[in-house]
There are 2 protein chains.
Amino acid sequence: MAKKTSLKDIAQEVGVSTALVSYVLNNKKENKISKQVAQKIRAVAKALNYRPNQIAKSLKTNKTFTLGLVVADISNPFSSSLTRIIEDEADQQQYTVLVGSSDEQPQKARKLIETLLNRQVDGLLIVPTEGMEKQLADLQKQGVPFVLIDRYFPDLKTNYVALDNYGAIYKATQHLIDSGYRRIGMITFQTTLYTITERKRGYLEALKANNITFSKSWLKEVRRATYKTDIEKAVRELLGGKNPVEAILFASNTLALFGLKPIKELQKRVPDDVAIITLDQADAYDLFHTPVTYIRQPLPEMGQLATRILLESIPKNNAITQTNLDGELVIRASTRST
Amino acid sequence: MAKKTSLKDIAQEVGVSTALVSYVLNNKKENKISKQVAQKIRAVAKALNYRPNQIAKSLKTNKTFTLGLVVADISNPFSSSLTRIIEDEADQQQYTVLVGSSDEQPQKARKLIETLLNRQVDGLLIVPTEGMEKQLADLQKQGVPFVLIDRYFPDLKTNYVALDNYGAIYKATQHLIDSGYRRIGMITFQTTLYTITERKRGYLEALKANNITFSKSWLKEVRRATYKTDIEKAVRELLGGKNPVEAILFASNTLALFGLKPIKELQKRVPDDVAIITLDQADAYDLFHTPVTYIRQPLPEMGQLATRILLESIPKNNAITQTNLDGELVIRASTRST
């Protein structure tokens with residue numbers, strides 16, 4: 001990189017002291033400096049492409065106007081749409097967002113958070129992964145302002161903005177039951193993450209409240225590492241055998257994206273052979289033969305609210321805000337109404 | 001935010017000078033300091049959660065180990081997948097990537113680049129938008145190391161890594177012609193961007209080389225601002241009227257995503273009623289009734305190569321590397337082979 005223009009370079013060019021250049025370019029004590037000299041300093045600074053060093057500046061203000069954002073995987077549409085919303089919201093407050101992916105690995109999340117803190121971000125927005133409780137508790141002890149998004153740990157008293165996962169899945173299951181289905185399968189991730197276990201609980205509780213005896217074979221928990229093949233196998237099992245399910249509930253948009261494919265390949269009619277409902281949507285579903293009923297993830301609200309809570313907690317950081325947002329049921333042709 | 005532990009805090013706790021603490025924690029002159037004192041300083045630093053100030057450090061090394069990445073829109077799968085590849089590649093060299101979206105607006109790109117440079121990134125990776133030529137020429141004059149990705153300006157002698165767009169679309173068109181189609185429609189974006197105009201040229205030249213008389217009604221250029229409705233209209237026009245086309249070439253994965261939907265709604269059989277080929281793929285296409293033939297975008301190669309070229313140009317920045325990668329034809333059921 002070409003050497004950057006320093007205050008000294010400008011001082012030498014104009015023939016004044018470095019301190020004088022600094023005063024002028026930082027708009028200080030200007031009334032004590034001759035207008036002519038000030039003008040010349042500005043002209044030379046421009047001609048030499050002088051760029052104020054933001055890093056040196058932030059040392060003085062103790063604020064970098066940068067937020068760190070840790071997502072699970074930037075290449076997942078949920079993460080990238082959320083990132084875009086947070087960027088836009090932060091930009092309105094003159095904040096730049098530094099984004100990185102944890103890849104669902106707590107060690108990678110730790111390294112990323114360390115890097116962000118060492119670069120003195122003013123606060124963090126985190127979509128946590130399994131096994132990060134201790135790490136987050138430590139951040140709290142150190143007084144680092146942060147807000148969890150989408151996922152949280154019920155035993156940790158931290159800021160968070162998340163979907164009411166239990167309520168959303170209860171609503172989806174109830175909709176299937178109200179539409180006349182009783183043998184209802186669910187495909188979800190195998191994990192201890194509260195967000196996901198709450199989805200399972202919503203499904204089981206809704207069945208129970210409607211006096212439907214749950215069969216173990218209806219619940220398929222796929223492994224993250226091998227989810228593409230696991231989902232395909234799960235769909236084939238749910239729709240095969242003597243007692244196939246009448247409806248499938250997908251617990252996330254990724255699960256549905258890869259679960260609709262085998263349903264298409266098996267040439268199942270939707271909803272006549274099997275009804276479909278999913279949490280969160282994707283433009284991709286429009287290519288599927290039947291429009292899919294889904295629970296809307298309030299992504300804009302989630303990203304905006306989390307950013308605002310973080311920006312409010314940077315100066316003081318003395319209150320905890322916990323928000324569970326409602327998912328909205330959007331009924332389309334894949335679930336037949338009675 | 002809780003007050004950060006300073007060197008002074010540690011010095012007071014141990015009862016030594018701040019300079020001594022600094023020497024120990026920066027591993028300098030340690031042989032001149034008693035082991036016992038050094039150990040005590042380290043223990044206190046740990047107990048007080050001391051965090052070295054990376055910003056102060058980078059002022060000394062003149063390197064921040066941060067790269068700026070400007071994409072068109074992080075919520076587009078092309079951008080988010082590319083970002084993930086660049087993150088992984090940069091991470092291997094201990095670089096953090098600061099990502100932001102230009103939203104296809106040169107003014108927004110200018111602001112973002114200014115912000116990144118003011119935060120002293122070591123170099124930039126840029127997917128440029130229309131109208132950025134002057135801006136990029138200025139960056140070059142200032143000696144800022146940067147590499148353009150995916151798009152570039154033929155009149156600007158800059159580093160870039162891009163697809164051979166002309167060659168890729170020529171190959172796609174030739175494949176359709178070899179498969180027996182002659183009335184071939186193309187849906188692309190209305191833009192002056194070289195990347196996209198080269199795609200149009202590839203299509204027109206392939207028709208010409210095969211003695212097919214091009215009809216103006218075959219080429220549909222949609223506006224970015226209203227592309228979703230424009231694509232739908234374009235597909236219906238290409239497939240309607242007295243002389244519908246026999247094949248459609250989509251110039252990007254977004255165009256195909258929203259173009260396959262009306263083809264499905266019109267209940268067209270693929271490839272019997274209309275053959276389909278697209279540049280770049282998406283998991284979503286698997287939900288479409290017929291597997292889609294596509295030209296593979298070499299995304300990993302593109303992201304990795306651009307990152308490597310940038311990291312090599314940071315210390316010297318005295319060579320220009322321009323790379324046009326080949327797109328690979330992946331034939332599936334949507335184009336019938338003769």
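How many residue pairs in polar contact does the rule find across the interface of chain B and chain A? I put this first in my notebook, keeping in mind that I am reading a predicted model. I noted 12 such residue pairs across the interface of chain B and chain A, with both residues of each pair at pLDDT 80 or more.

**Entry: what builds the chain B side.** I then looked up which elements give two or more residues to the side of chain B that touches chain A, and I wrote down α4 (54-61), α5 (77-91), β2 (96-101), α6 (106-118) and α11 (253-265) of chain B. The largest share of that side comes from α5(B), which gives 7 residues. Sorting the residues of the side of chain B that touches chain A by character, I recorded 22 nonpolar, 21 polar and 19 charged.

**Entry: extent of the contact.** I found that 62 residues from chain B and 62 residues from chain A take part in the contact. Between them, the two chains bury about 5400 Å², and 51% of this lies on carbon and sulfur atoms.

**Entry: salt bridges.** I looked up the salt bridges between chain B and chain A and noted a count of 8. For one pair I also wrote down the details: the side chains of A:R84 and B:D103 form a salt bridge, at 3.1 Å from N to O.

**Entry: domains of chain A.** I recorded a division of chain A into domain 1 (7-52), domain 2 (62-162 + 299-325) and domain 3 (165-298), where domain 2 is given as two segments. Taken over C-alpha atoms, the centres of domain 1 and domain 3 of chain A are 66 Å apart.

**Entry: aromatic pairs.** My search of the whole structure gave 16 aromatic pairs over all chains. I picked out A:F65 and A:Y95, a tilted pair with 5.0 Å centre to centre and 50° between the planes. This pair links distant parts of the chain, 30 residues apart, with A:F65 in the loop between α4 (54-61) and β1 (66-71) of chain A and A:Y95 in the loop between α5 (77-92) and β2 (96-101) of chain A.

**Entry: backbone in the loop after α11.** Which residues does a cis peptide bond join in chain B? I noted B:V270 and B:P271, with omega about 5°, and B:P271 lies in the loop between α11 and β9 (275-279) of chain B. In chain A, I found the peptide bond from A:V270 to A:P271 to be cis, with omega near 5°, and I placed A:P271 in the loop between α11 (253-265) and β9 (275-279) of chain A. A:Q267 is also in the loop between α11 and β9 of chain A, and I noted its phi near 55°, a positive value in a residue other than glycine.

Definitions and conventions:
Residues are numbered from 1 along each chain as its sequence is written. Chains are lettered from A and ligands numbered from 1 in the order in which they are written. This is a predicted model: local features need pLDDT of at least 70, side-chain atom pairs count only at pLDDT 80 or more; totals for chains, interfaces and linings use all residues. Side-chain values use heavy atoms; hydrogens and water are left out. Contact means heavy atoms within 4.5 Å. Buried area is the accessible area (1.4 Å probe) that two parts lose on being put together, summed over both. A salt bridge is a side-chain nitrogen of Lys or Arg within 4 Å of a carboxyl oxygen of Asp or Glu. A polar contact is a pair of N or O atoms within 3.5 Å; within protein, one must be able to donate a hydrogen and the other to accept it, and residues adjacent in sequence count only if both atoms are side-chain atoms. Helices (H or I, at least four residues) and strands (E, at least two) are DSSP runs, numbered from the N terminus. Ala, Val, Leu, Ile, Met, Phe, Trp, Tyr, Cys and Pro count as nonpolar, Asp, Glu, Lys and Arg as charged, and the others, Gly among them, as polar. Domain bounds come from an automatic or database domain assignment. Rings of Phe, Tyr and Trp (its six-membered ring) pair if their centres lie within 6.5 Å; planes under 30 degrees apart count as stacked, over 60 as edge-to-face and the rest as tilted.
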